[in-house]
Amino acid sequence: MPPRAAQRGGRGTGRGGTPRGGASRGPQSAGRGGAGVGPAVIAPASHVKTIGVKRDGTLGFGQAGRVIQVQVNAFEASLPESTIHHYDVVTPDALPARVNLAIIKTLQADVAPHIFTPRGAYDGRKNLFCTTQLRLGPNGDEGFDVPLAQTNGGTNPTQAPRVFKVKLTYVATINPELLRRFINGQQSHDDEATTAITACNVALRMEPNLNFPFNTRSFFIEKLERKNIGGGIELWRGLFQSLRPTYEKMFVNVDIATGMMYKRGPLIELCLEIIRDAPGGPKGNALLLSSDHGLPAHIPLQIERFIKGIQVVVETTGNGKKRVVRSVTKVGAHKLTFDHNGTQMTVAQYFNQRLGRPLRYPTVICVEVGRNALVPLEVCEVPPGQIMRKQIPPHKTRDVLDFSTKKPEERFKIIEQGIQYLNYGQSEYIRSFGMGIKTANGPMVVPGRVLKPPQLHYGNKLQVVCMSFDGSWNMAGKKLYKPCGVIKEWVIVVYENPRRFRQEQIDGLIHGLVTEANNLGMKFEHKAPFITYENGNGDVGAQLKSAGTKVFQAKKVPPTLFVVVLPEGGDEIYTRVKHFGDFTQGVATQCLKSGKCSGARAQYWANVLLKINVKLGGINSIPDPSLASSLADPAKATVVMGADVIHPAPGAEGRPSFTALVSSVDLNCSKYVATDRVQEGRQEIIADMKEMVISGLQNYIGYRKAVERVANPKPQRLIFFRDGVSEGQFSQVIESELKMIKEALAEGDMADCKVTFVVVGKRHHLRFNAINPGDRDRSGNAPAGLVVDRIGHPVEFDFYLQSQGGLLGTSRSSHYSVLHDVRADALQALSFSLCHVYARATRSVSIPAPVYYADIVCARAKTHYNPEHGGMLSDSASLSSGQAASNLATFQQHFARPSAYAQKNMYFS
């Protein structure tokens, strides 16, 4: 099987970017009393090759924790029975998937039905899978001419169908027996297995993709749920589905999805909603769009950005033909002229003739559709079900989140309601594959285990037990484990209008920080910081430096903390503050939003001080090592690292990616330092991994020598968490990054250091719902500390850990794929413990703290650049794609080195 053919299956199949998963043998696997965690799973055969750690009955499953039963949004599937023949499809370039589907549907049903019996399943791109071998040419390929009517309601007698040339080429034959061998641990997860799973997924999605609007792996059903949220947008409920392998069976993962659609109806009404619903938008009727009534110049551009690419039906065209909007005019139909049979006439005059009546709004702007046709808004109708492939407008984000956010019980009910629209039993494609999906008994049930939460040590030796039902704890009466030193001099810089942030708010800020600092064991030497109001339009760095200079001149001591009050929307000021503190001056900075800190309560100031303490070298808390033996064992000292990569926005050509690595430096793995780099755009593998790991190891050794007074602090173990890697990239990570990590250890005379490499993934669709209401937390979610490892890859070691307490909607677990070394219970306990040492919060978080920190460092990479170089700070501006190498060199040249302060402290908190 050529790798190209396998890769064309798209993400979401095999190793395509979402977790591979599966299910155990059902609810009988473990009694509701917690007698066990599932049946014994036969270890993969010795000849089976894996990318990561091979799962077996000893290493691959944990035993610790209280057993509970959880529903999984999944339904058991039977394996295909028919042999599958794979064909490569070549259609004209750059056609949308929906058009390709229509072409292949016409080819199979009308052009050559004698060849396609039964019909094959097509993915809309390059892959066609059939259960009978097609009678093609002698070389296994054949071309077809496929006429496709250019209407939406039948044959248009005035316009001939467009003919598309299609070529099919035989690629390979897939024996479904290899899937049976794969789930039974007798077959490696190679290209053949990946393509077989891809074929099943294509068959699964073919029917709904022909009947509903779809987007990649989700399709949207108006009857399931629809909501108009204004601004020309309506939301449709949809379903995601993906076939997954697990031990001895397959299952279909089904989850809810949200589709943003253009609002149906008159185009003029949609355009009015766009401008009326925008923040501060004008109110009124269609005359708002009139070029004769003072139409602002930005309005047509605003509308064009929103509706460009939308399909409309023009009233005068007939037969429901859809035409694509290309642009929006700046003047009305009464001023737009064109040559019509040798006579100059306006667009308004033309449509008066075609309609047999005057336009209602002749002064309103028009749209250009198709090939240079100008059409008044009032004669255009927007058909339903058109997906918006644009970013959510910022003022609509809350509406989309409210529609998408569902608690577990409600989420699972929607999934069960939506199953009827999947028509698994009626799909000719699923039937021809010989597959079946069991939906009658509802979602699958598998055993999970709730780990005991770690205890946290604070400075007054009190231990705080994190309650497993909400994953949070109260710091009342607790002192920080290691408070930073005395803060002698500090500065408050206010970038808010003095009328909105008055002296009484400043007094409240000072009182809140000083009082709560005393409660936590921190100390401000005095309550009289230097205070200044500044203008955010000025040189922020110079303003901060001037404030620090004045303090030094007056007190002969430089300030060690700058507290900066920002106005609403003060992102640019924030970037400049961080560049000053972390790179130019080397001093701790803490930014506060004026709206939040004005009149804030004690808990707010305590949370702010958690950040300030670690920025100034303190440690907030440490986990008790009794529940995670890999931590804090002097005989087996462990360094923990987390790494991530962030890529430029879609369409931003010539811009780089940023990489970050954070490393623990103390015995308890609670204090971290960061290093980051800039590299070629959209390259996932971290190019400078070796140098970054060396930096982390040097910081670890240096800190433990200087602060913990350890004579030989070289680590015996390195636990490495990697974020942001899709499953299709696991082999590259092992071959490149793990190799560089080992090279870094060898260079530091630590070649015998044991390395555990784990990929942490968040982009998956598996959700869990505790069966017993008593096993749910207050939000209705499964409890913090839930581990599910009986629903995973058939031959490789992975598990799901839901480490955080529920808040809104359904909690998402993190997916851990172990690519190199470690036992299940040890890694699960370690990961759960590390989710409790995130310095910013008094609650467990969804991923281990070092991974969270690496993500933050990546996101803040732009603060390395001088704010005066505005083009380099932009997240989306494109540079010349033809000069990628020189662009990268420019970015690397201007990537400022962190100050000595930032290199040794948690400046990113």
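The sulfur of C271 lies 8.8 Å from the closest cysteine sulfur, which belongs to C380, and that is too far for a bond. A disulfide would require the two sulfur atoms to be within 2.5 Å. I should say at once that this is a predicted model, and that every value I quote today is computed from it. In this model the structure holds zero disulfides. C130 is likewise in no disulfide, and its nearest cysteine sulfur, that of C200, is 14 Å away.

Are these two cysteines, C271 and C130, buried or exposed? C271 has a relative accessibility of 0% and therefore counts as buried, since the limit is 20%. C130, at 1% relative accessibility, also counts as buried.

C271 brings me to the helix pair in which it takes part. Helix α5 covers residues 267–277 and helix α6 covers residues 298–307; the two pack at an angle of about 115°, and their axes are 10 Å apart. That angle makes α5 roughly perpendicular to α6. The crossing of α5 past α6 is right-handed. Which residues make the contact? On the α5 side they are L267, L270, C271, I274 and I275, and on the α6 side I299, Q302, I303, F306 and I307. Sorted by class, this contact of α5 with α6 comprises nine nonpolar residues, one polar residue and no charged residues.

A second helix of interest is α19, residues 849–859. Here eight of the eleven residues are buried, so the helix is mostly covered. The buried residues of α19 are A849, P850, V851, Y853, A854, I856, V857 and C858. Against what do the buried residues of α19 pack? Their partners are the strands β29 (638–646), β30 (657–664), β31 (672–679), β32 and β33 (754–761), together with helix α18 (824–834).

Strand β32, one of those partners, also contains R722. This arginine has a relative accessibility of 0% and counts as buried. Setting aside neighbours within four places in sequence, R722 is in contact with A643, D644 and V645, with E684, I685 and I686, with E737, and with F757, V758, V759 and V760. For a sense of distance across the chain, R722 and R55 are 667 residues apart in sequence, while their C-alpha atoms are 20 Å apart in space.

Just beyond this strand we come to Q729, in the loop between β32 (717–723) and α17 (730–747). Q729 is partly exposed, with a relative accessible area of 21%. Apart from neighbours within four places in sequence, the contacts of Q729 are E684 and G724. E684 thus appears in the contact list of R722 and in that of Q729. Between the C-alpha atoms of Q729 and H869, which are 140 residues apart along the chain, the separation is 34 Å.

Let me also mention S218, which is placed in strand β9 (residues 218–220). This serine is buried, with a relative accessible area of 11%. Beyond its neighbours within four places in sequence, S218 is in contact with L239, F240 and A257.

I turn finally to the backbone. Where is there a cis peptide bond? The bond from T117 to P118 is cis, with omega near 0°. P118 is in the loop between α2 (97–111) and β4 (121–122).

Two further residues deserve a note for their phi angles. N423 has a phi near 50°, a positive value in a residue other than glycine. N423 lies in the loop between α9 (408–422) and α10 (428–433), and is partly exposed, with a relative accessible area of 35%. R709 also has a positive phi, of about 60°, although it is not a glycine. R709 is in the loop between α16 (689–706) and β32, and with a relative accessible area of 69% this residue is exposed.

To return to the starting point: the sulfur of C271 is too far from that of C380 for a bond, and C271 instead appears among the residues through which α5 contacts α6. Thank you.

Definitions and conventions: Residues are numbered from 1 along each chain as its sequence is written. This is a predicted model: local features need pLDDT of at least 70, side-chain atom pairs count only at pLDDT 80 or more; totals for chains, interfaces and linings use all residues. Side-chain values use heavy atoms; hydrogens and water are left out. Axes are lines fitted to C-alpha atoms, for helices over the stretch in contact, and angles run from 0 to 180 degrees between N-to-C directions. Helices (H or I, at least four residues) and strands (E, at least two) are DSSP runs, numbered from the N terminus. Angles under 35 degrees count as roughly parallel, over 145 as roughly antiparallel, 65 to 115 as roughly perpendicular and the rest as oblique. A crossing is left-handed if the near helix is turned anticlockwise from the far one by less than a right angle, and right-handed if clockwise. Contact means heavy atoms within 4.5 Å. Ala, Val, Leu, Ile, Met, Phe, Trp, Tyr, Cys and Pro count as nonpolar, Asp, Glu, Lys and Arg as charged, and the others, Gly among them, as polar. Buried means under 20% relative accessible area, exposed over 50%, partly exposed in between (1.4 Å probe, protein chains only).
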